[in-house]
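The report that follows describes one protein chain, starting from its charged side chains and moving on to its aromatic rings and its interior. Please keep the sequence and the model in view while reading.

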Amino acid sequence: MITPTDLYHVLTAVVPLYVAMILAYGSVKWWKIFSPDQCSGINRFVALFAVPLLSFHFISTNNPYTMNFRFIAADTLQKVIVLVILAIWSRVSSRGSLEWSITLFSLSTLPNTLVMGIPLLKGMYGDYSGSLMVQIVVLQCIIWYTLMLFLFEYRGARLLIVEQFPDTAGSIISFKVDSDILSLDGKEPLQTEAEVGEDGKLHVTVRKSTSSRSEIFSRRSHGPNSGVSLTPRPSNLTNVEIFSLQSSRNPTPRGSSFNHTDFYSMVNGKNGNGVSPRQSNFGNLGYDEESGVTAFGGNPSRGNGYPAPPSAGIFSPVGGGTGARKANGADGGKDLHMFVWSSSASPVSEGGIHVFRGGDYGNELGGVAPQKDYDEFGRDEFSFGNKTVTNGYDKEGPVLSKLGSSSTTELHPKSDVQGESKPSAMPPASVMTRLILIMVWRKIIRNPNTYSSLFGLTWSLISFKWNVAMPAIVAGSISILSNAGLGMAMFSLGLFMALQPKIIACGNSVAAFAMAVRFLAGPAVMAAASFAIGLKGALLHIAIVQAALPQGIVPFVFAKEYNLHPDILSTGVIFGMLIALPITLVYYILLGL
């Protein structure tokens, strides 16, 4: 039976977190203490030091040899059940899609365990529950967030391949991705180049298009002796940037140097001899002498008669909607970093005010983009189906269309004559898997929480195996910052809330659905999984309550980076935090009866 003393202990553990969040909210919204640039600095500190060291502290002080494998099995089974249900739904139902499957998986299975779960469950069920939460944090960082990255990169790869190779994707047998490309999320201006091998198969190279196009144009415009420095654009990746990419609200299709006419003429043959009547232009990114512009420029058609790509979509050799580029070739938009808490409609900047973010934000504040109206995307019209873009274009193969409840794009195959969906051929599974693994690996190694989790787990295995104590000087250096991690994480969340135009960004109907998935469906599936594993008593209660925690922060980061329902995940984080305490208390009281 839950007593008033028990409730007081819970409030004692959780209310200080809300105090930090409210102080941050008021310091921006009411008292105007912090400017957006100062918020960016605070968030960057939290991203690079406070949260990773906090994670390291919890993991390194937890005994991995006393892990409760039944509890871990129940948590894993919950996520597997949800994945299987969503996979079947996306395959069988006409309303199913990969995009919604990713979002629903995030909402139902990935709570805010590190920041909210550990102090809340400790207040409810004691220190032992905190140890269980640390085990969940380890699994989330190492397994489930990696799986999320895999799904997001798979979606990005499909969009890229379907747009660039709508008829010949099945002939691709290899991908080579330049080392400075960190993601296939569609925000980075990329260029695909294809070569046909002796076996008639395609070998595709993916590289950034901005620097090469700028250099070609500069050489043609100024000449070699014009005194203009033609240095390549420096990479936006530094030793402290995480998941860096260029942000663009209204991107346009990225051009491909692959010419479908050439491919068919080489493979199927022209004039009966299997050879094209003219030279192939595979890999041609050069200058069109007749039209006076670079390939894929503003002219309506190319010199070979193949029309240039239309200016609507998500991939582009030039940034769209963010103004002119800087002198060094970088986008006029903002760099986006790991642990970005933002909204795509923030009134402060194109990329929003990014909690846990860095970059040259202060120098670009003058170029504020006008805020988009949320009604533009029909956010109150909740539907799993795809909606046709008003100003979209129609072409053979897949069509990119906007979701009714999101400002993202979705792969939507065009129907054939009989009205049935005609799926596009994809490259072999081994080729796709290798491409996605490369991109996921590049992101993981730039995430400080990956290192904090692995180092913390390694040290805990060593220290608890041989009873080795961490040197006091090292422990003190870590604790002085990790002790600030919890409060600063909540403080950053308050800054994020204060800089958003709406707490409920996705519309009331979508928000209600998202909260039902987060606080009802997730705990229900966890309860079923726990019963199946055989959890009873306090372990069962802990499993259900932790599943009813508010939305995790990292899933919102991914949603923002890949532009996949960021408004829904934003509402899940903000509104979920506001109602999390009463909801978890209700679960706590009901389970204690």
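## A salt-bridge network and its surroundings

Asp178, Glu193 and Arg207 are joined to one another in a network of salt bridges. The model in which this network appears is a predicted one. Within the network, the side chain of arginine 207 meets that of aspartate 178 at 3.3 Å, taken from N to O. Arginine 207 belongs to strand β3 (residues 202-208), while aspartate 178 sits in the loop between β1 (172-177) and β2 (190-196), so this salt bridge ties together parts of the chain that are 29 residues apart in sequence. The side chain of arginine 207 also meets the side chain of glutamate 193 in a salt bridge, here at 2.8 Å from N to O. That pair links distant parts of the chain as well, with arginine 207 in strand β3 and glutamate 193 in strand β2, 14 residues apart.

How accessible are the partners of this second bridge, arginine 207 and glutamate 193? Arginine 207 is partly exposed, with a relative accessible area of 24%, whereas glutamate 193 has a relative accessibility of 12% and therefore counts as buried.

A search of the whole structure finds 5 salt bridges, and side chains of opposite charge can pair in this way when their charged atoms come close. Another of these bridges joins lysine 79 and aspartate 75, whose side chains meet at 2.9 Å from N to O. Both residues lie in helix α3 (residues 69-92), and because lysine 79 and aspartate 75 are 4 residues apart there, they are separated by about one helical turn. Lysine 79 is buried, with a relative accessible area of 0%, and aspartate 75 is likewise buried, with a value of 2%.

The three salt bridges described above are set out here.

| Basic residue | Acidic residue | N to O distance |
|---|---|---|
| Lysine 79 | Aspartate 75 | 2.9 Å |
| Arginine 207 | Aspartate 178 | 3.3 Å |
| Arginine 207 | Glutamate 193 | 2.8 Å |

## Aromatic pairs

The search of the whole structure finds 11 aromatic pairs. One of them is formed by phenylalanine 105 and tryptophan 144, a tilted pair with 6.4 Å from centre to centre and 55° between the planes. This pair links distant parts of the chain, since phenylalanine 105 is placed in helix α4 (residues 98-109) and tryptophan 144 in helix α6 (residues 127-164), 39 residues apart. Phenylalanine 105 and tryptophan 144 are both buried.

Why does the pair of phenylalanine 152 and tyrosine 562 count as stacked? The ring centres of phenylalanine 152 and tyrosine 562 are 4.8 Å apart and the ring planes stand at 20°, so the pair is stacked, the cut-off for stacking being planes under 30 degrees apart. Phenylalanine 152 is in helix α6 and tyrosine 562 in the loop between α14 (553-561) and α15 (566-592), so that the pair links distant parts of the chain, 410 residues apart. Phenylalanine 152 is buried at a relative accessible area of 2%, and tyrosine 562 is buried at 1%. Together with Tyr145 and Phe558, the residues Phe152 and Tyr562 form one aromatic cluster.

## A buried serine beside tyrosine 562

Serine 183 is located in the loop between β1 and β2, and with a relative accessibility of 4% it counts as buried. Among the residues that serine 183 touches, not counting those up to four places away in sequence, are Tyr562, Leu190, Met439 and Lys443. Its side chain makes a polar contact with the side chain of glutamate 153 at 2.9 Å, and the side chain of serine 183 also reaches the backbone nitrogen of aspartate 185 at 3.1 Å.

## Cores and the chain as a whole

In soluble globular proteins, nonpolar side chains tend to be buried together. The largest nonpolar core here has 91 residues, and those with the most contacts inside it are Phe71, Met490, Leu493, Phe558 and Ile568. Helix α6 supplies the largest share of this core, 13 residues. A second core, separate from the largest, has 21 residues and includes Leu160, Val177, Val206 and Met426.

The chain contains 15 helices and 9 strands, and 54% of its 593 residues count as buried. Of the contacts in the chain with a separation of 6 or more, 77% are between residues 24 or more positions apart. The chain exposes about 24700 Å², of which carbon and sulfur atoms supply 61%.

Conventions: Residues are numbered from 1 along each chain as its sequence is written. This is a predicted model: local features need pLDDT of at least 70, side-chain atom pairs count only at pLDDT 80 or more; totals for chains, interfaces and linings use all residues. Side-chain values use heavy atoms; hydrogens and water are left out. Rings of Phe, Tyr and Trp (its six-membered ring) pair if their centres lie within 6.5 Å; planes under 30 degrees apart count as stacked, over 60 as edge-to-face and the rest as tilted. Helices (H or I, at least four residues) and strands (E, at least two) are DSSP runs, numbered from the N terminus. Buried means under 20% relative accessible area, exposed over 50%, partly exposed in between (1.4 Å probe, protein chains only). Contact means heavy atoms within 4.5 Å. Accessible areas come from the Shrake-Rupley method with a 1.4 Å probe; for residues, only the protein chains shown count as cover. A salt bridge is a side-chain nitrogen of Lys or Arg within 4 Å of a carboxyl oxygen of Asp or Glu. A nonpolar core is a set of buried Ala, Val, Leu, Ile, Met, Phe, Trp, Tyr and Cys residues joined through side-chain atoms within 4.5 Å. A polar contact is a pair of N or O atoms within 3.5 Å; within protein, one must be able to donate a hydrogen and the other to accept it, and residues adjacent in sequence count only if both atoms are side-chain atoms.
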